[in-house]
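Dear colleague,

Please find below the sequence and structure that I am handing over to you. I would be grateful if you could keep both open while reading the notes that come after them.

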Amino acid sequence: MLARFFVALPFSLTLPEGQQYPVYEYEDAGYVVRVFPPRRSDRPTPPSDDSDEILVDGVPAGRADALWIDFQKESFDRSKESMEKRLCDPPLEVLGRAVNSLIVRLRHVVQAPTVRALDFRDFGRVTWRIRYLNDDETELEPDEKLVRGRGVLNWSFGWNAVTKQVWEDIHKLPFDYKPPPWDELLLDAQSDLPRVGPAVVLAATALEVFIAHVLDGLAERSAVPAALWEWINNRGDYLREPSVEEQYDELLMVLTGHSLKAESKLWELFMNLKRARNTFVHRGIAEIGKTEVSPETASKLVAAASEIIAKVREWLPEELHWPVFKHTVRIEVRKKLG
(Lines give C-alpha, C1' and ligand atoms only; values in the text may rest on other atoms or scores of the structure.)
Protein backbone atom coordinates (compact mmCIF):
# COMPACT_ATOMS: atom_id res chain seq x y z
CA MET A 1 0.00 0.00 0.00
CA LEU A 2 1.09 3.58 -0.67
CA ALA A 3 0.73 6.73 1.39
CA ARG A 4 1.23 9.52 -1.14
CA PHE A 5 2.37 12.58 0.76
CA PHE A 6 2.36 16.18 -0.45
CA VAL A 7 3.60 19.10 1.65
CA ALA A 8 3.41 22.79 0.79
CA LEU A 9 6.64 24.76 1.06
CA PRO A 10 6.83 28.32 2.43
CA PHE A 11 9.35 29.08 -0.31
CA SER A 12 9.50 28.32 -4.01
CA LEU A 13 12.06 26.42 -6.08
CA THR A 14 12.91 26.91 -9.75
CA LEU A 15 13.31 23.81 -11.93
CA PRO A 16 14.37 23.76 -15.59
CA GLU A 17 11.69 22.22 -17.78
CA GLY A 18 12.23 19.06 -19.80
CA GLN A 19 14.86 17.54 -17.51
CA GLN A 20 14.45 14.01 -16.16
CA TYR A 21 14.91 13.88 -12.40
CA PRO A 22 15.60 10.50 -10.83
CA VAL A 23 13.43 9.28 -7.94
CA TYR A 24 15.48 8.38 -4.86
CA GLU A 25 14.51 5.59 -2.47
CA TYR A 26 15.52 4.60 1.06
CA GLU A 27 14.06 2.92 4.15
CA ASP A 28 13.09 4.56 7.42
CA ALA A 29 11.29 3.04 10.43
CA GLY A 30 9.88 0.17 8.37
CA TYR A 31 8.71 2.34 5.47
CA VAL A 32 10.09 2.39 1.94
CA VAL A 33 10.42 6.09 1.16
CA ARG A 34 10.53 7.44 -2.41
CA VAL A 35 11.38 11.10 -2.96
CA PHE A 36 10.12 12.66 -6.18
CA PRO A 37 11.24 15.99 -7.64
CA PRO A 38 9.44 19.10 -6.32
CA ARG A 39 6.26 20.15 -8.11
CA ARG A 40 3.85 23.05 -8.40
CA SER A 41 1.01 23.02 -5.88
CA ASP A 42 -2.56 24.10 -6.57
CA ARG A 43 -2.14 27.24 -4.45
CA PRO A 44 -2.71 30.60 -6.21
CA THR A 45 0.42 32.13 -7.67
CA PRO A 46 1.76 35.10 -5.67
CA PRO A 47 2.11 38.27 -7.77
CA SER A 48 5.90 38.18 -7.28
CA ASP A 49 5.98 34.73 -8.96
CA ASP A 50 3.83 35.76 -11.92
CA SER A 51 6.71 36.39 -14.33
CA ASP A 52 6.29 36.11 -18.08
CA GLU A 53 9.25 33.78 -18.37
CA ILE A 54 11.95 32.29 -16.17
CA LEU A 55 15.15 30.85 -17.63
CA VAL A 56 17.76 28.67 -15.93
CA ASP A 57 20.96 28.35 -17.95
CA GLY A 58 18.96 29.53 -20.95
CA VAL A 59 16.29 26.84 -20.49
CA PRO A 60 12.67 27.75 -19.65
CA ALA A 61 11.92 26.94 -16.02
CA GLY A 62 8.94 26.72 -13.73
CA ARG A 63 8.28 27.29 -10.06
CA ALA A 64 7.71 24.46 -7.58
CA ASP A 65 6.35 24.97 -4.09
CA ALA A 66 5.49 21.45 -2.91
CA LEU A 67 7.26 18.17 -2.20
CA TRP A 68 5.95 14.75 -3.23
CA ILE A 69 7.07 11.75 -1.19
CA ASP A 70 5.64 8.21 -1.29
CA PHE A 71 5.71 5.89 1.73
CA GLN A 72 5.14 2.20 1.14
CA LYS A 73 4.51 -0.72 3.47
CA GLU A 74 2.10 -3.64 3.68
CA SER A 75 -0.68 -1.64 5.37
CA PHE A 76 -1.35 1.66 7.16
CA ASP A 77 -3.50 2.56 10.14
CA ARG A 78 -6.40 4.31 8.39
CA SER A 79 -8.94 4.02 11.19
CA LYS A 80 -11.17 6.98 11.94
CA GLU A 81 -10.35 6.50 15.64
CA SER A 82 -6.69 7.30 15.00
CA MET A 83 -7.79 10.39 13.09
CA GLU A 84 -9.83 11.58 16.07
CA LYS A 85 -6.79 11.05 18.32
CA ARG A 86 -4.68 13.17 15.97
CA LEU A 87 -2.52 10.20 15.08
CA CYS A 88 -1.10 9.63 11.64
CA ASP A 89 0.46 6.77 9.71
CA PRO A 90 3.23 7.44 8.78
CA PRO A 91 3.82 9.32 12.05
CA LEU A 92 4.63 13.02 12.02
CA GLU A 93 8.24 12.36 13.02
CA VAL A 94 8.73 10.11 9.97
CA LEU A 95 7.07 12.66 7.68
CA GLY A 96 9.21 15.41 9.20
CA ARG A 97 12.43 13.45 8.73
CA ALA A 98 11.65 12.79 5.08
CA VAL A 99 10.89 16.43 4.34
CA ASN A 100 13.56 18.11 6.43
CA SER A 101 16.31 15.73 5.40
CA LEU A 102 15.77 16.94 1.85
CA ILE A 103 15.38 20.60 2.84
CA VAL A 104 18.50 20.65 5.04
CA ARG A 105 20.61 19.13 2.27
CA LEU A 106 19.11 21.46 -0.34
CA ARG A 107 19.83 24.50 1.85
CA HIS A 108 23.46 23.41 2.20
CA VAL A 109 24.05 22.44 -1.43
CA VAL A 110 22.67 25.66 -2.95
CA GLN A 111 23.47 27.89 0.07
CA ALA A 112 19.90 29.23 0.11
CA PRO A 113 19.10 31.30 3.24
CA THR A 114 15.35 31.36 2.46
CA VAL A 115 15.14 27.56 2.42
CA ARG A 116 14.30 26.47 5.98
CA ALA A 117 13.25 23.27 7.69
CA LEU A 118 9.54 22.83 8.51
CA ASP A 119 8.12 22.28 11.99
CA PHE A 120 6.30 18.94 12.23
CA ARG A 121 5.94 18.91 16.01
CA ASP A 122 2.17 19.19 15.82
CA PHE A 123 -0.57 19.13 13.21
CA GLY A 124 -1.07 22.86 12.90
CA ARG A 125 2.26 24.16 11.62
CA VAL A 126 2.52 22.74 8.10
CA THR A 127 0.09 22.32 5.20
CA TRP A 128 0.12 18.73 3.98
CA ARG A 129 -2.06 15.89 2.76
CA ILE A 130 -1.82 12.12 2.36
CA ARG A 131 -3.71 9.93 -0.11
CA TYR A 132 -3.73 6.21 0.59
CA LEU A 133 -3.49 4.13 -2.59
CA ASN A 134 -3.01 0.56 -3.71
CA ASP A 135 0.49 -0.47 -4.71
CA ASP A 136 -0.47 0.04 -8.37
CA GLU A 137 -1.50 3.62 -7.50
CA THR A 138 -5.23 2.93 -7.97
CA GLU A 139 -7.83 4.23 -5.54
CA LEU A 140 -8.78 2.16 -2.50
CA GLU A 141 -12.28 0.81 -2.12
CA PRO A 142 -14.49 2.97 0.15
CA ASP A 143 -14.93 1.71 3.71
CA GLU A 144 -17.03 3.49 6.34
CA LYS A 145 -14.55 2.60 9.10
CA LEU A 146 -11.43 3.66 7.22
CA VAL A 147 -10.16 6.91 5.73
CA ARG A 148 -8.55 7.21 2.32
CA GLY A 149 -6.65 10.37 3.14
CA ARG A 150 -5.55 12.83 5.80
CA GLY A 151 -4.34 16.38 5.76
CA VAL A 152 -3.85 19.73 7.46
CA LEU A 153 -4.39 23.17 6.01
CA ASN A 154 -2.28 25.75 7.82
CA TRP A 155 -2.07 29.46 7.22
CA SER A 156 -1.12 32.57 9.12
CA PHE A 157 -2.15 36.16 8.66
CA GLY A 158 -2.07 39.44 10.49
CA TRP A 159 -3.18 43.01 10.26
CA ASN A 160 -1.40 46.21 11.17
CA ALA A 161 -4.24 48.59 11.94
CA VAL A 162 -3.56 52.25 11.16
CA THR A 163 -6.17 54.24 13.07
CA LYS A 164 -6.34 58.01 13.19
CA GLN A 165 -4.45 57.91 16.50
CA VAL A 166 -1.73 55.71 14.99
CA TRP A 167 -1.42 58.10 12.05
CA GLU A 168 -1.09 61.08 14.36
CA ASP A 169 1.47 59.27 16.55
CA ILE A 170 3.59 58.49 13.48
CA HIS A 171 3.80 62.19 12.76
CA LYS A 172 4.63 63.12 16.33
CA LEU A 173 8.05 61.66 15.61
CA PRO A 174 10.51 63.77 13.60
CA PHE A 175 11.08 63.00 9.92
CA ASP A 176 14.61 61.74 10.65
CA TYR A 177 13.61 59.71 13.74
CA LYS A 178 15.70 56.60 14.41
CA PRO A 179 14.24 53.95 16.73
CA PRO A 180 16.39 52.65 19.61
CA PRO A 181 18.59 49.82 18.32
CA TRP A 182 17.19 47.35 20.87
CA ASP A 183 13.68 48.05 19.59
CA GLU A 184 14.69 47.04 16.07
CA LEU A 185 16.36 43.89 17.39
CA LEU A 186 13.24 42.89 19.34
CA LEU A 187 11.01 43.38 16.30
CA ASP A 188 13.40 41.23 14.28
CA ALA A 189 13.30 38.58 17.02
CA GLN A 190 9.51 38.54 16.88
CA SER A 191 9.54 38.23 13.10
CA ASP A 192 11.95 35.29 13.29
CA LEU A 193 9.56 33.23 15.42
CA PRO A 194 8.88 30.31 15.34
CA ARG A 195 12.57 29.87 14.41
CA VAL A 196 13.89 29.40 17.92
CA GLY A 197 17.64 29.95 17.62
CA PRO A 198 17.70 33.25 15.72
CA ALA A 199 14.82 34.62 17.81
CA VAL A 200 16.49 34.02 21.19
CA VAL A 201 19.85 35.30 19.93
CA LEU A 202 18.28 38.55 18.70
CA ALA A 203 16.26 39.00 21.91
CA ALA A 204 19.31 38.39 24.10
CA THR A 205 21.35 40.78 21.95
CA ALA A 206 18.63 43.41 22.35
CA LEU A 207 18.96 43.19 26.14
CA GLU A 208 22.74 43.50 25.94
CA VAL A 209 22.56 46.53 23.65
CA PHE A 210 19.85 48.10 25.82
CA ILE A 211 21.60 47.81 29.19
CA ALA A 212 24.94 49.05 27.81
CA HIS A 213 23.20 52.11 26.34
CA VAL A 214 21.20 52.79 29.50
CA LEU A 215 24.12 52.42 31.90
CA ASP A 216 26.28 54.75 29.81
CA GLY A 217 23.53 57.35 29.87
CA LEU A 218 23.10 56.99 33.63
CA ALA A 219 26.83 57.16 34.28
CA GLU A 220 27.10 60.45 32.36
CA ARG A 221 24.52 61.95 34.72
CA SER A 222 26.05 60.49 37.89
CA ALA A 223 28.97 61.33 40.14
CA VAL A 224 30.99 58.43 38.70
CA PRO A 225 34.14 59.87 37.08
CA ALA A 226 34.26 59.26 33.32
CA ALA A 227 37.74 57.70 33.56
CA LEU A 228 36.55 55.24 36.22
CA TRP A 229 33.51 54.25 34.15
CA GLU A 230 35.72 53.70 31.13
CA TRP A 231 38.07 51.54 33.19
CA ILE A 232 35.20 49.48 34.60
CA ASN A 233 33.75 48.70 31.18
CA ASN A 234 36.80 48.52 28.91
CA ARG A 235 39.52 46.40 30.52
CA GLY A 236 40.90 44.91 27.31
CA ASP A 237 39.66 41.47 28.42
CA TYR A 238 35.95 40.67 28.35
CA LEU A 239 36.39 38.24 31.25
CA ARG A 240 37.43 41.17 33.47
CA GLU A 241 34.58 43.43 32.33
CA PRO A 242 31.08 43.42 33.89
CA SER A 243 28.89 40.56 32.70
CA VAL A 244 25.37 41.21 31.45
CA GLU A 245 24.05 39.79 34.74
CA GLU A 246 26.22 42.25 36.71
CA GLN A 247 24.99 45.11 34.53
CA TYR A 248 21.35 44.28 35.28
CA ASP A 249 22.14 43.66 38.96
CA GLU A 250 24.97 45.53 40.72
CA LEU A 251 25.60 48.33 38.19
CA LEU A 252 21.92 49.06 37.74
CA MET A 253 21.51 49.10 41.52
CA VAL A 254 24.36 51.59 41.93
CA LEU A 255 23.01 53.95 39.27
CA THR A 256 19.23 53.66 39.81
CA GLY A 257 18.72 52.05 43.21
CA HIS A 258 17.00 49.12 41.49
CA SER A 259 18.18 45.67 40.43
CA LEU A 260 16.44 43.37 37.98
CA LYS A 261 17.35 40.55 40.33
CA ALA A 262 14.75 41.86 42.76
CA GLU A 263 12.11 41.12 40.12
CA SER A 264 12.27 37.34 40.57
CA LYS A 265 10.03 36.36 37.66
CA LEU A 266 11.77 38.66 35.19
CA TRP A 267 15.17 37.62 36.47
CA GLU A 268 14.36 33.96 35.91
CA LEU A 269 13.18 34.67 32.36
CA PHE A 270 16.28 36.80 31.78
CA MET A 271 18.58 33.96 32.85
CA ASN A 272 16.64 31.41 30.78
CA LEU A 273 16.95 33.62 27.72
CA LYS A 274 20.68 33.93 28.35
CA ARG A 275 21.04 30.13 28.67
CA ALA A 276 19.03 29.53 25.49
CA ARG A 277 21.12 32.06 23.61
CA ASN A 278 24.44 30.63 24.83
CA THR A 279 23.60 27.01 24.04
CA PHE A 280 22.43 27.96 20.56
CA VAL A 281 25.51 30.06 19.86
CA HIS A 282 27.92 27.40 21.13
CA ARG A 283 26.13 24.13 20.27
CA GLY A 284 23.58 25.06 17.62
CA ILE A 285 20.60 24.04 19.79
CA ALA A 286 18.79 26.40 22.16
CA GLU A 287 18.35 24.65 25.50
CA ILE A 288 17.39 25.50 29.06
CA GLY A 289 18.98 22.91 31.29
CA LYS A 290 18.76 19.78 29.18
CA THR A 291 15.44 20.70 27.56
CA GLU A 292 15.35 22.00 24.01
CA VAL A 293 13.52 25.31 23.73
CA SER A 294 10.20 25.00 21.90
CA PRO A 295 8.77 27.75 19.69
CA GLU A 296 6.21 28.45 22.43
CA THR A 297 8.92 28.91 25.06
CA ALA A 298 10.98 31.03 22.67
CA SER A 299 7.95 33.27 22.16
CA LYS A 300 7.66 33.74 25.92
CA LEU A 301 11.36 34.56 26.20
CA VAL A 302 11.16 37.16 23.42
CA ALA A 303 8.13 38.71 25.13
CA ALA A 304 10.04 38.70 28.43
CA ALA A 305 12.82 40.76 26.84
CA SER A 306 10.28 43.47 26.10
CA GLU A 307 8.94 43.27 29.66
CA ILE A 308 12.45 43.61 31.09
CA ILE A 309 13.14 46.71 29.02
CA ALA A 310 9.80 48.22 30.06
CA LYS A 311 10.55 47.56 33.73
CA VAL A 312 14.02 49.16 33.58
CA ARG A 313 12.54 52.15 31.75
CA GLU A 314 10.39 52.78 34.85
CA TRP A 315 13.57 53.28 36.88
CA LEU A 316 15.18 55.77 34.48
CA PRO A 317 15.03 59.56 34.70
CA GLU A 318 12.66 61.23 32.26
CA GLU A 319 15.45 62.54 30.05
CA LEU A 320 16.53 58.96 29.24
CA HIS A 321 13.06 57.86 28.17
CA TRP A 322 12.36 57.06 24.52
CA PRO A 323 8.92 57.35 22.85
CA VAL A 324 6.56 54.46 23.60
CA PHE A 325 3.16 54.15 21.97
CA LYS A 326 0.35 51.87 23.05
CA HIS A 327 -2.81 51.35 21.06
CA THR A 328 -5.79 49.13 21.74
CA VAL A 329 -7.50 48.13 18.53
CA ARG A 330 -10.22 45.55 18.03
CA ILE A 331 -10.22 43.81 14.66
CA GLU A 332 -13.10 41.61 13.57
CA VAL A 333 -13.02 39.38 10.52
CA ARG A 334 -16.34 38.35 9.05
CA LYS A 335 -17.14 36.04 6.20
CA LYS A 336 -20.47 35.69 4.47
CA LEU A 337 -21.73 32.16 4.16
CA GLY A 338 -23.53 31.37 0.95
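The notes below cover confidence, pockets, nonpolar cores and two individual residues.

Confidence

Please bear in mind that this is a predicted model. The chain has a mean pLDDT of 89, with 95% of its residues at 70 or more. Among the elements of the chain, the lowest mean pLDDT, 81, belongs to helix H1 (residues 80-84), and the highest, 97, to helix H8 (residues 264-283).

Pockets

The largest pocket has a volume of about 1600 Å³. It is lined by 50 residues, and those closest to its centre are Pro10, Arg116, Ala117, Leu118 and Asp119. Two or more lining residues come from each of strand E1 (2-16), helix H2 (92-110), strand E6 (128-133), helix H4 (181-192) and helix H5 (196-220). Strand E1 provides the largest share of this lining, namely six residues. By character, the lining of the largest pocket comprises 26 nonpolar, 11 polar and 13 charged residues.

The second largest pocket encloses about 910 Å³ of space. Of the 25 residues that line it, Asp183, Leu187, Pro323, Val324 and Phe325 are the closest to its centre. At least two lining residues are supplied by each of helix H3 (164-170), H4 and helix H9 (295-314). The most come from H4, which gives six residues to the lining of the second largest pocket. That lining divides into 15 nonpolar, four polar and six charged residues. Helix H4 thus appears in the description of both pockets, as it gives two or more residues to the lining of the largest pocket and at least two to that of the second largest.

Nonpolar cores

The largest nonpolar core contains 44 residues, of which Tyr248 and Phe270 touch the most other members. Each of H4, H5, helix H7 (244-256), H8 and H9 supplies at least two residues of this core. Helix H5 gives the most, with 14 residues. Not counting residues up to four places away in sequence, Tyr248 touches Leu207, Phe210, Ile211, Ser259, Leu260, Lys261, Trp267, Phe270, Ile308 and Val312. Another core lies apart from the largest one; it has 34 residues, including Leu15, Phe71, Ala98 and Val126.

Two individual residues

Phe36 sits in the loop between strand E3 (31-35) and strand E4 (55-56). Is this residue buried or exposed? Phe36 counts as buried because its relative accessibility is 17%, and the limit for buried is under 20%. Once neighbours within four places in sequence are set aside, Phe36 is in contact with Val23, Trp68 and Asp70. Between Phe36 and Glu25, which are 11 residues apart in sequence, the C-alpha to C-alpha separation is 9.1 Å.

Val32 is placed in strand E3. Its contacts, again leaving aside neighbours within four places in sequence, are Glu25, Tyr26, Glu27, Asp70, Phe71 and Gln72. Asp70 is therefore a contact of Phe36 and of Val32, given that contact here means heavy atoms within 4.5 Å. Between Val32 and Arg195, 163 residues apart along the chain, the C-alpha atoms are separated by 30 Å.

With kind regards

How values were computed: Residues numbered from 1 in each chain as written. Predicted model: local features only at pLDDT ≥ 70, side-chain atom pairs only at ≥ 80, totals over all residues. Heavy atoms only, no water. 1 Å grid on protein atoms, 1.4 Å probe; cavity = no way out; pocket = protein on both sides within 12 Å on 5 of 7 lines; lining within 4 Å. Points joined across faces, edges and corners; volume = space filled by probe spheres on them. Helix = DSSP H or I, 4+ residues; strand = E, 2+ residues; numbered from the N terminus. Nonpolar A, V, L, I, M, F, W, Y, C, P; charged D, E, K, R; others polar. pLDDT = per-residue confidence, 0-100. Core = buried A, V, L, I, M, F, W, Y, C linked by side-chain atoms within 4.5 Å. Buried < 20%, exposed > 50% of the residue type's maximum accessible area, 1.4 Å probe, protein only.
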